[in-house]
Amino acid sequence: MSSLISDDDGVHGVRVRQGGRTREERADAVVVASGGFQSNTEWRTRYLGPGWELAKVRGTMFNTGDGIRMSLDAGASPHGNWSGCHAVGWERNAPEFGDLAVGDGFQKHSYPFGVMVNALGQRFVDEGADFRNYTYAKYGRRILEQPGQMAWQVFDQKVVHLLRDEYRIRQVTKVTAPTLEELAGKLEGVDPAGFLDEMERYNAAVDTATPSTPTSRTAAVRRASTCPRATGPIAWTRARSRPTRSRAASPSPSVACASTPPRRFSTPTWRPSPASSPPAKPSVGSSTSTIPAAAA
């Protein structure tokens with residue numbers, strides 16, 4: 001479909017281009033199931049901002065906003081939050097568009113059990129600010145803001161059994177090491193010295209006296225004065241209960257998973273403009289799309 005057939009009296013059909021030829025299909029009513037525009041890099045950059053053209057697309061490559069554009073051209077009124085989105089962490093080496101064989105397996109949502117570091121080796125979010133259901137949709141954007149639009153998630157061996165199934169698929173970027181010092185040299189794109197310094201400060205800030213449980217938000221609290229990015233309670237202190245330098249004496253391998261910033265976003269909704277009140281005028285309902293674009 002290339003455009004809607006419309007005039008001052010409403011919408012009367014669609015124009016279709018097929019086999020190099022354009023034809024018109026008349027109808028009493030037209031329903032536009034527009035989908036989103038997550039596969040349109042120009043629109044992502046225009047409405048979401050600089051850097052979003054680098055995002056990976058979780059869904060189909062054909063969701064380019066054509067239905068939205070045709071509806072707007074026919075008089076529909078734009079509506080909704082055009083500059084906001086739902087963004088999650090995505091496998092760094094995932095394909096540019098969604099893979100039906102893997103589905104949501106490229107997402108990486110067990111970050112509350114570990115730490116996320118950027119290319120400087122620094123944390124940039126409070127991983128344990130809340131349960132992942134309340135934070136994952138905004139952390140993809142934070143990853144996209146980091147150098148190289150990427151991050152590594154780092155876990156202690158003690159919490160590996162708590163990681164979601166998506167960490168066990170074949171298509172996951174992962175490295176392991178018996179000590180943080182050895183792990184630092186395996187984190188591609190990360191400054192080893194910056195990472196070790198960050199982890200030393202992080203481990204020193206952990207409250208080891210408070211029991212930890214993965215189902216409680218208030219089981220443990222990091223000392224914010226020495227770990228400034230940790231601003232609230234976290235339930236996963238067992239993962240970093242030992243000082244960094246003592247790990248070699250009692251090896252507990254660390255696991256790191258890399259991803260790229262995925263974005264999973266809800267596109268704005270479109271409603272008919274007041275001037276386009278005839279029943280046949282196009283109205284495009286709310287549409288939800290997901291585009292992975294940052295990895296964690």
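Student: What makes the contact between the side chains of Glu 166 and Arg 164 a salt bridge?

Tutor: In this predicted model, the two side chains meet with an N to O distance of 3.0 Å. The cut-off is a side-chain nitrogen of Lys or Arg within 4 Å of a carboxyl oxygen of Asp or Glu, so the pair qualifies.

Student: And how do you know whether Glu 166 is buried or exposed?

Tutor: Buried means under 20% relative accessible area. Glu 166 has 7% relative accessibility, so it counts as buried.

Student: What about its partner, Arg 164: why is it called partly exposed?

Tutor: Its relative accessible area is 26%. Partly exposed runs between the 20% and 50% limits, and therefore Arg 164 falls into that class.

Student: Let's try another pair. How do you know that Glu 145 and Arg 142 form a salt bridge?

Tutor: Their side chains meet at 3.4 Å, N to O. That is within 4 Å, so the label holds.

Student: Which class does each partner get, and why?

Tutor: Glu 145 comes out at 52% relative accessibility, which is over 50%, so it counts as exposed. Arg 142 has 31% relative accessibility, so it is partly exposed.

Student: Where does the salt bridge of Arg 123 and Glu 127 stand against the cut-off?

Tutor: The N to O distance there is 2.7 Å, and that is within 4 Å, so this contact is a salt bridge too. Arg 123 is buried, and Glu 127 is buried as well. As a general point, side chains of opposite charge can pair when their charged atoms come close.

Student: How many salt bridges are there in the structure, and which residues are linked in a network of them?

Tutor: The structure holds 13. Arg 15, Glu 24 and Arg 26 are linked in a network of salt bridges.

Student: On to the pocket. What residues line the largest one?

Tutor: The largest pocket has a volume of about 150 Å³. Its lining includes Arg 58, Met 61, Phe 62, Phe 97, Asp 99 and Asp 104. By class, the lining has four nonpolar, four polar and three charged residues.

Student: What makes Gly 59 polar in that count?

Tutor: It's a matter of convention: Gly is placed among the polar residues, so Gly 59 in the lining is treated that way.

Student: What is special about Met 61, Phe 62 and Phe 97 on the surface?

Tutor: They form a nonpolar patch, with about 330 Å² of accessible area together. Patch members need over 30% relative accessible area. Met 61 is at 45% and therefore clears that limit, while still counting as partly exposed. Met 61 sits in the loop between α1 (41-48) and α2 (66-73).

Student: What makes Gln 149 stand out in its backbone?

Tutor: Gln 149 has a positive phi, about 55 degrees, although it isn't a glycine. Its place is the loop between α3 (136-144) and β7 (151-156). At 26% relative accessibility, Gln 149 is partly exposed.

Student: Why is Ala 87 called buried?

Tutor: Its relative accessible area is 1%, and that is under 20%, so buried is the right word. Ala 87 lies in the loop between β4 (76-78) and β5 (90-91). Its C-alpha atom is 6.5 Å from that of Tyr 139, with the two residues 52 apart along the chain.

Student: One last comparison: how do you know which class Ser 3 and Val 11 belong to?

Tutor: Ser 3, in strand β1 (residues 3-7), has a relative accessible area of 21%, so it is partly exposed. Val 11, in strand β2 (residues 10-18), has 2% relative accessibility, which is under 20%, so it is buried.

Key
Residues are numbered from 1 along each chain as its sequence is written. This is a predicted model: local features need pLDDT of at least 70, side-chain atom pairs count only at pLDDT 80 or more; totals for chains, interfaces and linings use all residues. Side-chain values use heavy atoms; hydrogens and water are left out. On a 1 Å grid over the protein atoms alone, a cavity is a set of points where a 1.4 Å probe fits but cannot get out, and a pocket is an open set with protein on both sides within 12 Å along at least five of seven lines; lining residues have an atom within 4 Å of a point. Grid points are joined across faces, edges and corners, and a volume is the space filled by probe spheres set on the points. Patches are made of residues with over 30% relative accessible area and no salt bridge: like charges are joined within 9 Å, nonpolar side chains (Val, Leu, Ile, Met, Phe, Trp, Tyr) within 5 Å. Accessible areas come from the Shrake-Rupley method with a 1.4 Å probe; for residues, only the protein chains shown count as cover. Helices (H or I, at least four residues) and strands (E, at least two) are DSSP runs, numbered from the N terminus. Buried means under 20% relative accessible area, exposed over 50%, partly exposed in between (1.4 Å probe, protein chains only).
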